[in-house]
Amino acid sequence: MATTLKDVAVRKPVLATIRLIVPAGAARPAAPVGPALGFYRLNLMAFCKDFNARTQKYKAETPMQVTLTAYKDSTFEFVVKSPSVAWFLKKAAGIETASSRPGHTVVSSLTLRHVYEIAKLKQSDPYCKHMSLGALCKSIIGTANSMGIEIVKDL
């Protein structure tokens with residue numbers, strides 16, 4: 001998609017880019033959403049309603065990553081990404097925290113099927129769409145190794 005001179009001329013001036021982690025379906029005008037958006041005089045309730053509608057298919061309290069672009073005319077648009085790979089790995093392994101000494105102590109084991117399922121979920125992310133499933137799996141295995149989670153063929 002090539003940008004034309006007309007597209008550049010009508011593009012809105014960006015005021016700020018805000019990154020938040022908000023629980024799925026639980027956006028409220030309180031912290032952390034309220035202070036972050038209120039500072040730029042954005043409509044809190046419009047964000048909360050739209051975010052909650054977009055994330056209703058996820059389990060409650062799932063931490064969703066949000067990148068919000070605020071414009072100078074007090075409008076905004078936002079992109080919701082799925083939870084981090086580390087969060088998925090912790091949930092699949094049933095652990096609260098990763099290893100304090102990765103590479104030395106193994107806190108849990110997961111199968112390649114778990115890795116594949118996480119990769120399929122992450123492939124829907126806007127920033128991971130261009131990556132192949134194999135590349136995503138390799139990335140997830142690397143993250144698991146750095147957390148002290150062993151990946152095995154079968155449990």
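**Exercise 1. Count the disulfides in this structure and check whether Cys-48 and Cys-137 are buried or exposed.**

Let's start with the count: there are 0 disulfides here, a disulfide being a pair of cysteine sulfur atoms within 2.5 Å. A quick word on ground rules: this is a predicted model, where local features need pLDDT of at least 70 and side-chain atom pairs count only at pLDDT 80 or more, while totals for chains, interfaces and linings use all residues. Residues are numbered from 1 along each chain as its sequence is written, and side-chain values use heavy atoms, with hydrogens and water left out.

Next, accessibility. Buried means under 20% relative accessible area, exposed over 50%, and partly exposed in between (1.4 Å probe, protein chains only). Cys-48 comes in at 3%, so call it buried. Cys-137, at 15%, is buried too.

**Exercise 2. Find how many aromatic pairs there are, and work out the geometry around Phe-47.**

Step one is the tally: 5 aromatic pairs. The rule is that rings of Phe, Tyr and Trp (its six-membered ring) pair if their centres lie within 6.5 Å; planes under 30 degrees apart are stacked, over 60 edge-to-face, and the rest tilted.

Step two: Phe-47 with Phe-51. Their ring centres sit 5.7 Å apart with planes at 25°, so this pair is stacked. Both residues belong to helix α3 (residues 44–54), 4 residues apart, or about one turn of the helix. Helices here are DSSP runs (H or I, at least four residues), as are strands (E, at least two), numbered from the N terminus. Phe-47 is buried at 0% relative accessible area, and Phe-51 is buried with 0%.

Step three: Phe-47 with Phe-76. This pair is edge-to-face, at 6.3 Å centre to centre and 65° between the planes. Phe-47 is in α3 and Phe-76 in strand β3 (residues 76–81), so the pair ties together parts 29 residues apart in sequence.

Step four, zoom out: ring pairs join Phe-47, Phe-51, Phe-76 and Phe-78 into a cluster.

**Exercise 3. Describe what surrounds Phe-78.**

First, look over the ring: Arg-54 lies over the face of Phe-78, 4.0 Å from the ring centre. A charge counts as over a ring if NZ of Lys or CZ of Arg is within 6 Å of the ring centre and within 35 degrees of the ring normal.

Then list the contacts (heavy atoms within 4.5 Å). Leaving out residues up to four places away in sequence, Phe-78 touches Phe-47, Asp-50, Phe-51, Arg-54, Val-66, Thr-67 and Leu-68.

**Exercise 4. Work out which residues touch the most other members of the largest nonpolar core, and which elements supply it.**

A nonpolar core is a set of buried Ala, Val, Leu, Ile, Met, Phe, Trp, Tyr and Cys residues joined through side-chain atoms within 4.5 Å. The largest has 18 residues, and those touching the most other members are Ile-18, Val-22, Leu-37, Phe-47, Phe-51, Leu-68 and Phe-78. At least two residues come from each of β1 (14–23), α2 (33–38), α3, β2 (63–71) and β3. The largest share, 4 residues, is from β2.

Apart from this core lies another, of 16 residues, including Val-85, Phe-88, Ala-93 and Cys-128.

**Exercise 5. Decide where the buried residues of α4 point, and what covers them.**

Helix α4 (residues 85–93) buries Val-85, Phe-88, Leu-89 and Ala-93. Down the axis, they fall within an arc of 125°, so they line one face of the helix. The arc uses directions from the helix axis to the C-beta atoms. Their cover includes β4 (108–111), α5 (112–122), α6 (133–147) and β5 (149–152).
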